[in-house]
Structures are given as C-alpha cells and as structure tokens.
Amino acid sequence: MSHLEVTGAPDMGEKLVVVGQGYVGLPLAMRAVTAGFDVVGIDVDQWRIKRLTAGESYVEDIGDDELIAAHRCGRYLASTDYADAEGFDICVITVPTPLRDGAPDLRHIASAAQSIAPLLRPGATVVLESTTYPGTTEEYLLPLLQEGSGLQAPEDFYLGYSPERIDPGNTHWRLENTPKIVSGIDESSLKRVQAFYERIVREAVPVSSVQVAELSKLLENTFRHINIALVNELAIFARQLGIDVWQAIDAASTKPFGYMRFTPGPGVGGHCLPIDPSYLSWKVKRSLGHNFRFVELANDINDHMPDHVVHRLTLALNQRSLPIKGSRVIVLGLAYKKNAGDCRESPAIEVARALRKLGADVRAADPHVDHFLLPQGIAIIDATRHELAQADAVLILTDHDCFDYEMVERVSAFVFDTRNRCRGPNVERL
C-alpha cells in the first residue's frame, strides 16, 4: 500500500457524511451544504430523521427555512441507513460521549466507526469531533477503522480530530466565525483536515498532534467548570457573610486585565461541563495514578448546587409561614442555559424533580424546550400574569430573555432568583 501524497491544498472530495445530527452535527451539515458539499446526515434516532426529512428543525440554531433550503437544493439527505454514506470523501463523527459509572462511554464512537469502516476507501478522510480523553483518536478510533476497512492510516486514508465549539443559543459566535482547532495523525492528515474546515469556517487553527487537540477541548471546559464552581461556592459564603456577591462580581468585572467574569447559578448542565472535566480526571487517574483535585472539587460544588437552591427556597418559604409541601412553585426555565432549548443534564430539571419529591406543586415555563423531552410529572405552563400571581414562589433557574422579568417582579408574591434578573423587595437572590 502506497502512502497518499498530499502537496499544497488537497483536492477535496465533495461528498460529506456527518454522523450524528444533534446540536453539533446538524449545524455542521447545514454549513457544509452552504459551502457546496453533498451532505448525508446520519443519525440512529428515527424521530430525528423523520423531522429533518419533513424540514422541521429541533436545534434552535438551525431554522426550518435553512433546513428546507438544504433539501430543495438537493445537497442534503437525512438518513438512518449507513448505506447512504457509501462513496464518501469525508466523514465527521459528532456522536455523544457520555459518562457511565464515572468512566468514558465510547459506545457511540465505536458504533459509528464500525458502521463507517466498511465504506472507507483509499483517499477518504475521517474526523472525530466528539469530546473525549487524549488518545481516543489514535488508540481507540484508528484500530476500529483499520480493522473494519482493511486499510491502513495514514498510508491509505486520513484521520484527524477537531473538537466541536458549538455554543447553543449564541447568536454572535456561530460555527462559521468561531476559530476551529484542527489536527491529524500525521502531516498529510492534518493538511486534509485543515483544508476541509477552511471551507467551513473562517479560521482553522492547526496543532501538532491529535492529543493536543483532544486536551485543548477538555482544558476549555475544565477552565469554565472550575471557575463556575468558584463563584458558586463564593455565592454561598458571601450570603452567610452578609455580602452581595453579585455586586462584588460586577465590581471585579471592571478590571480590564487578569480577570474573567463568571457568575453563580443552580449548577451546570449541557453536553460539556458536567461530563468533559471528568474525562480529563479519568485519564489522569488511569494513566498517572493521580487524582485531579481541582476537577473533583469543582464536581462536588457544582453537583450540589441544585440541593442548595432547594434548601434556600425551602427556608425562604418557611420564613413566610409556608411549608414546601403543597406550595405552588413556578419554575422559569428548564434548559441548562439561557436562550437555548438544550435540557441535557440541566440542573433546573434536577431542582424541579427535588421540589416534587418534597411535595411541592411544581409548574414550569420554558418556551425553548420541546416539552416531550422533559420528565413526566412537571406541569408545563405559560408564564402569564395569572399563573405568576397564583404561585407561592417563582423560581428563576434559566434566565431566557423571552420572560418578562418586570412583570414577574410586579405580580409575584415571592421570587427566588438564581440568575440576578430581578431586584425588587419581594426578591431573594442566590
């Protein structure tokens, strides 16, 4: 088998397969259609494929009109059948990488690799975008592809890693204008991967190895996770000291150097922060035998924030001669972050569940979240004046801009605000 020579800008293929059509894969697929690729979006979830085929988007960053246009131009196919991926030039794997019993769960990567491998042909490029521990691309994905295809990399096909940087709900930093880290298992793979993403995004940032790229993603999210834990614990202690932590954060944020603003909240959620730092901690423990103490401490603090919110609300109702059992509590926001519909690992849902277990009459409003994705037992309402006025407490957990916070303050008997959106006399803040 001869090594595939790459000189200058590679001659890129035009058929792209994106495995996984969620918050990462679907925006990539739509952007690639715009860039001129013929795109096949593969997902094992038949419900997703049915909606995509009907031109209905379940990702708030992708509108129905964009999806319909992709279908009409004939360059996008959503499918559950890997046979539709045959003849691909580039394949990007964007499948979930959850934790299972505290360890990385790479079953989705394995399934994607085993399904794609028989379709690999000489000259094709495979890129992993799923967040994972350093070493996954070369030590886990590469053998699966080689075994299933009978080909060898980098002699016969190219392989790289490019961590996703999707921020759901962010209208400024989107896929196309966010710098993209790119890497390859050798120089020729790096050139192929870089050339592909330079057609998709404005800036591709090459690094020397796939392990550097894998670690960079974990570093980004571990940095956020630890700093959120810092301000969460600070918020607890500041209240006990009688200090307004939000004013302190605002004051510190005026420093133009050496400080980055983070704010407290009911915990962390989504597909990154509750999971990615634990991937790094697991790798350090497994490879070096050491505990990553910063990550473990941050996990402990952030994991207990939903309990802290429930405790604070219980005390606040008790001060108003109201037991938590039987009290009507309206939760504003169930997504893990503002102006997004992603409720994976959302601390808001943990809080709602805990309140129900204590006997509270919990009602929730979140126009961004698909209601059928929510756990049973949480009554979904609109945050109307009547509903707010009938509640014993309104609990702000996700501060979507669509909520009328002035009305919330005016008509609610009591507001417990974990996001610093209300400041009236009937408001208590985290």
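Okay, let's start with a definition: a disulfide is a pair of cysteine sulfur atoms within 2.5 Å. Keep that cut-off in mind. What we have here is a predicted model, and a search of the whole structure turns up zero disulfides.

Take Cys73. Its nearest cysteine sulfur belongs to Cys91, and that is 20 Å away, so with a cut-off of 2.5 Å Cys73 is in no disulfide. Cys91 is likewise in no disulfide, with the sulfur of Cys73 as its nearest one. Are these two buried or exposed? Well, Cys73 is partly exposed, at 37% relative accessible area, while Cys91 is buried, at 0%.

Right, on to the sheets. One of them is an open sheet of eight strands, and if you want to trace it, the order is β3-β2-β1-β4-β7-β8-β9-β10, with mixed pairing. The edges are β3, residues 76-79, and β10, residues 204-206, and each of those pairs on one side only. On average, neighbouring strands are turned by 25 degrees against each other, if you ignore direction.

Let's zoom in on a pair. Strand β1, residues 15-19, and strand β2, residues 38-42, run parallel and are joined by five bridges. If you're looking for a landmark there, Val17 sits opposite Val40 of β2.

Which helices lie against this sheet? There's α6, residues 187-198, which lies across β1, β4, β7, β8, β9 and β10, at about 150 degrees to β9. And then α7 packs on the sheet too, touching β8 and β9, again with a direction about 150 degrees from that of β9.

While we're on β9, have a look at Ile181, which lies in that strand, residues 180-184. With a relative accessibility of 7%, Ile181 counts as buried, because the cut-off for that is under 20%. Ile181 and Val205 are 24 residues apart in sequence, yet their C-alpha atoms are 4.6 Å apart in space. Leaving out residues up to four places away in sequence, the contacts of Ile181 include Tyr161, Pro163, Val205, Val207 and Ala213.

Now the other sheet I want to show you. This is an open one with six strands, in the order β13-β12-β11-β14-β15-β16, and the pairing is parallel. Here β13 (379-380) and β16 (427-429) stand at the edges with a single partner strand each, so one side of each has no neighbour in the sheet. Further in, β11 (residues 328-332) and β14 (residues 393-396) pair in the parallel sense over four bridges, and Leu332 stands opposite Ile396 in β14. Helix α11, residues 305-319, packs on this sheet and touches β11, β14, β15 and β16, with its direction about 155 degrees from that of β14.

Last bit: helices on helices. The axes of α7 (residues 210-240) and α9 (residues 276-288) come within 8 Å and cross at roughly 115 degrees, and that crossing is left-handed. Leu215, Leu218 and His225 are among the α7 residues in the contact, and α9 brings in Asp276, Pro277, Tyr279 and Leu280. By class, that contact has five nonpolar, three polar and two charged residues.

Then there's α4 (residues 107-116) with α5 (residues 136-149): their axes also come within 8 Å, crossing at roughly 40 degrees, and this crossing is right-handed. Ile109, Ala110, Ala113 and Gln114 of α4 meet Thr136, Tyr140, Leu141, Leu144 and Leu145 of α5. That splits into seven nonpolar, two polar and no charged residues.

Methods:
Residues are numbered from 1 along each chain as its sequence is written. This is a predicted model: local features need pLDDT of at least 70, side-chain atom pairs count only at pLDDT 80 or more; totals for chains, interfaces and linings use all residues. Side-chain values use heavy atoms; hydrogens and water are left out. Axes are lines fitted to C-alpha atoms, for helices over the stretch in contact, and angles run from 0 to 180 degrees between N-to-C directions. Helices (H or I, at least four residues) and strands (E, at least two) are DSSP runs, numbered from the N terminus. A crossing is left-handed if the near helix is turned anticlockwise from the far one by less than a right angle, and right-handed if clockwise. Contact means heavy atoms within 4.5 Å. Ala, Val, Leu, Ile, Met, Phe, Trp, Tyr, Cys and Pro count as nonpolar, Asp, Glu, Lys and Arg as charged, and the others, Gly among them, as polar. Buried means under 20% relative accessible area, exposed over 50%, partly exposed in between (1.4 Å probe, protein chains only). Two strands pair if DSSP finds at least two bridges between them.
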